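This report concerns the interior of a single model. The sequence and structure are shown first.

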Amino acid sequence: MLFSELITHRQSVRAYADRPVEREKLDQLIEAVRLSPSASNSQPWRLIMVTDPALKDQVARATFSALVSFNQFVPQAPVLAVLVIERPKAITQIGAWLKNRDFPLIDIGIAAAHFCLQAAELGLGTCMLGWFDEPAIKRLLRIPDGKRIGLLISLGYAAPDDPQRQKHRKTKEVMSGHNGY
């Protein structure tokens with residue numbers, strides 16, 4: 001698949017088939033994150049692949065509540081990927097402070113994009129999740145105090161009845177400029 005086709009094809013999947021993800025594909029996704037670029041090559045992440053069904057269901061239930069119901073599809077996904085933010089190299093921390101940039105968050109976004117695009121190429125669906133009960137998930141996954149979870153990503157095969165949706169995006173003229181704002 002050409003890259004232009006891949007980015008057109010990739011979408012947030014919110015309905016998953018009852019089908020496990022093969023270990024070889026999980027390994028390819030881990031490799032996609034491992035090879036992601038980062039500021040000063042700090043690689044400020046730890047990727048946790050949650051595949052144990054009971055644990056995965058507990059983590060999935062921590063992405064919604066009675067008041068916040070938009071992530072109720074997450075338990076359908078057979079895998080949840082958790083990107084934990086790690087401390088970057090000292091040079092990256094100094095640069096972040098000097099430039100007022102949160103490089104680890106940028107790096108986590110790049111790693112998540114690599115993960116999702118690799119998944120799409122492998123025929124898998126993903127959805128990035130920014131809304132979750134961080135303390136509950138940290139307890140469940142034994143993530144040390146002082147660490148933050150950057151993102152969760154649901155992963156699996158899209159349900160057969162989950163159609164490819166047309167992307168609605170701003171026009172090129174609205175979202176870009178040449179030689180100035």
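The text below covers a central strand, the nonpolar cores and one helix.

The model is predicted. Strand E2 (79-85) is largely enclosed by the rest of the structure, because seven of its seven residues are buried. Burial applies to both faces of E2: Val79, Ala81, Leu83 and Ile85 lie on one side, with Leu80, Val82 and Val84 on the other. The pairings of E2 are listed here.

| Strand pair | Sense | Bridges | Opposed residues |
|---|---|---|---|
| E1 and E2 | antiparallel | six | Val50 and Leu80 |
| E2 and E4 | antiparallel | seven | Leu83 and Leu151 |

Leu83 also has contacts beyond its bridge partner; among the residues it touches are Val33, Trp45, Ile108, Ala112 and Ile153. In the largest nonpolar core, which has 24 residues, Leu83 is one of those touching the most other members, together with Leu29, Met49, Phe115, Leu124 and Leu155. At least two residues of this core come from each of helix H2 (23-34), strand E1 (45-50), E2, helix H5 (103-121) and strand E4 (148-156). The most, six residues, come from H5. A separate core holds 21 residues, including Tyr16, Val59, Ala60 and Phe132.

Helix H6 spans residues 134-141, and its buried residues are Glu134, Ala136, Ile137, Lys138 and Leu141. Their cover includes E1, helix H3 (53-61), E2 and E4. At the start of H6, the backbone nitrogen of Ala136 has a side-chain oxygen of Asp133 within 3.2 Å. Just after the helix, Arg142 adopts a positive phi of about 55°.

Technical notes
Residues numbered from 1 in each chain as written. Predicted model: local features only at pLDDT ≥ 70, side-chain atom pairs only at ≥ 80, totals over all residues. Heavy atoms only, no water. Core = buried A, V, L, I, M, F, W, Y, C linked by side-chain atoms within 4.5 Å. Buried < 20%, exposed > 50% of the residue type's maximum accessible area, 1.4 Å probe, protein only. Helix = DSSP H or I, 4+ residues; strand = E, 2+ residues; numbered from the N terminus. Contact = heavy atoms within 4.5 Å. Polar contact = N/O pair within 3.5 Å; in protein donor to acceptor, adjacent residues only side chain to side chain. Pairing = 2+ DSSP bridges. Lists of a residue's contacts leave out its neighbours within four places in sequence.
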